[in-house]
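User: Hello! I am new to this structure and would like to get to know it step by step. Could you take some questions from me?

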Amino acid sequence: MSIESSDQVLDYPLRAPAPLEPPEEWAKLRQGCPVAHVRLPSGDSAVLLTRYNDVRQVLADPRFTRQLGKEGAARLSEEGGSVFETEEAASLTEGHERWRRLLHKSFTAKRVSAMQPRIEAMADQLIDDMVKQGAPADLVAGLAFPLPVWVICELLGIPDIDRDKLAYWSNAMLNMSQFTRQEMDAAQAEFSQYMMTHIAAKRAAPGEDLLSELVAAVDDGHPLTERELMMIGQGILVAGHETTSNTIAKMMAMLLGERHRWEQLVADPSLVRTAVEEVLRFDANAGFGLPRFITEDIEVSGQKLPGGTTVICNMAAANRDEKAYERADHMDLTRSPNPHLTFGVGPHSCVGQALARTELQTTLNVLLRRLPTLELAVPPEELARREGLLIGGLERVPVRW
């Protein structure tokens, strides 16, 4: 079963048998068809990579970008206009090194470390509110969503945001099938106006925050347009809360869904750091993966991919590769080292990964301290996946204690 010989074209994204389980095809593809033809929701064709070394090879190659705005690139959905497909995405990708250098200065270990006590205090406050309202509670609404929103707004220097509006704008940017193109365009226009208003406010009265730093860099002659600045601000706001929020929810579902995992952490909280890394590796509901547009011929797993091919790098499938990990399908909270691909690799890896790790570790530590008797209020197979978006998550995680 290879790209040359297989007549089978799979519909992508692949369906999973349960909320926390991987699609059955992952293991079969890694073994027999690591470079597979897939059909995207748009009807366009792409190639899917599921092996660790192949995904790492393509993600680490600076020649290939995640934006799909170029002629000949596959559309992800019929509506188009997702965060990977806009003209702005193409512009930002071409200026990738310029703005990443700016962000690396802002997402320093020192700044992230300085935020940790405030993240812990906010987590405690949210848990106070949740306990006051009583069990059962939805861990998504009570903690997993509001905490990362607060963190990223604090970092950017944006006052308390209307969370429902932010959720709507984020979902529109990450749309696969939830929204019409008209709804996406309207949400983007509203979100753009919101960010431009805050950029103007920071220019008039700068503060000690990331958005003020970005505005100052542009005003000092850094080659970013006002539109690019607005898109970077939007991207940080969306990526900074959306992925972390979803990962907190999935982390708790994975740990509570198999009771012995939670009890292992309650007994030994020093495992929190390695447990978080294993959660990031083991997550079977990570979403679409990272698309790459191949601009010249390359060879992957001994097979030639011609220039003009759209490649989907499925990091979650690669993280389950038996050739990269011993007992890859087993969740081991002590696993170390754990070089998972969840944050990407190379020049396009996630610039905010230190902040995400800090939020995940802090949230887990606080929950272990505050609610050691925490448990799921429904069987794990009854948890509802978020559908129709480029990223994976759970709609609700009902818990009691």
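User: Which residues of helix H1 are buried?

Analyst: This is a predicted model, and helix H1 covers residues 25-32. On one side of H1, the buried residues cover an arc of only 100° around the axis, which puts them together on that side. Lys28 and Gln31, on the other side of H1, are exposed. The buried residues of H1 are Trp26, Leu29 and Arg30.

User: What do the buried residues of H1 pack against?

Analyst: Their partners include strands as well as a helix. The strands are E1 (10-11), E2 (35-39) and E3 (45-49). The helix among the partners is H14 (315-318).

User: How far does helix H15 reach from its first C-alpha to its last?

Analyst: Helix H15 runs over residues 353-370, which gives 18 residues. At 1.5 Å a residue, the expected span is 26 Å, and the model comes close to this. From first to last C-alpha, H15 reaches 26 Å.

User: Which helices do the buried residues of H15 pack against?

Analyst: The buried residues of H15 include Leu355, Glu359, Thr363 and Leu367. The buried residues of H15 pack against helices H5 (109-133), H6 (139-144), H7 (146-156), H11 (226-257), H12 (259-267) and H13 (272-282).

User: Is Leu126 buried or exposed?

Analyst: Leu126 lies in helix H5. Leaving aside residues up to four places away in sequence, Leu126 touches Gly142, Leu143, Pro146 and Leu147. Its relative accessibility is 10%, and the cut-off for buried is under 20%, so Leu126 counts as buried.

User: What is the volume of the largest pocket?

Analyst: Let us begin with its lining, which has 24 residues, and Pro13, Leu14, Arg15, Arg385 and Glu387 lie nearest the centre of the pocket. The lining divides into 14 nonpolar, six polar and four charged residues. The volume of the largest pocket is about 490 Å³.

User: Which residue does a cis peptide bond join to Ser336?

Analyst: The partner lies in the loop between H14 and H15. Omega of this bond is about 0°. The residue joined to Ser336 is Pro337.

User: Is Arg327 buried or exposed?

Analyst: Arg327 is found in the loop between H14 and H15. Its phi is near 50°, a positive value in a residue other than glycine. With a relative accessibility of 55%, and exposed meaning over 50%, Arg327 counts as exposed.

Terms used. Residues numbered from 1 in each chain as written. Predicted model: local features only at pLDDT ≥ 70, side-chain atom pairs only at ≥ 80, totals over all residues. Heavy atoms only, no water. Buried < 20%, exposed > 50% of the residue type's maximum accessible area, 1.4 Å probe, protein only. Helix = DSSP H or I, 4+ residues; strand = E, 2+ residues; numbered from the N terminus. Arc of directions from axis to C-beta. Contact = heavy atoms within 4.5 Å. Expected span 1.5 Å × (residues − 1). 1 Å grid on protein atoms, 1.4 Å probe; cavity = no way out; pocket = protein on both sides within 12 Å on 5 of 7 lines; lining within 4 Å. Points joined across faces, edges and corners; volume = space filled by probe spheres on them. Nonpolar A, V, L, I, M, F, W, Y, C, P; charged D, E, K, R; others polar.
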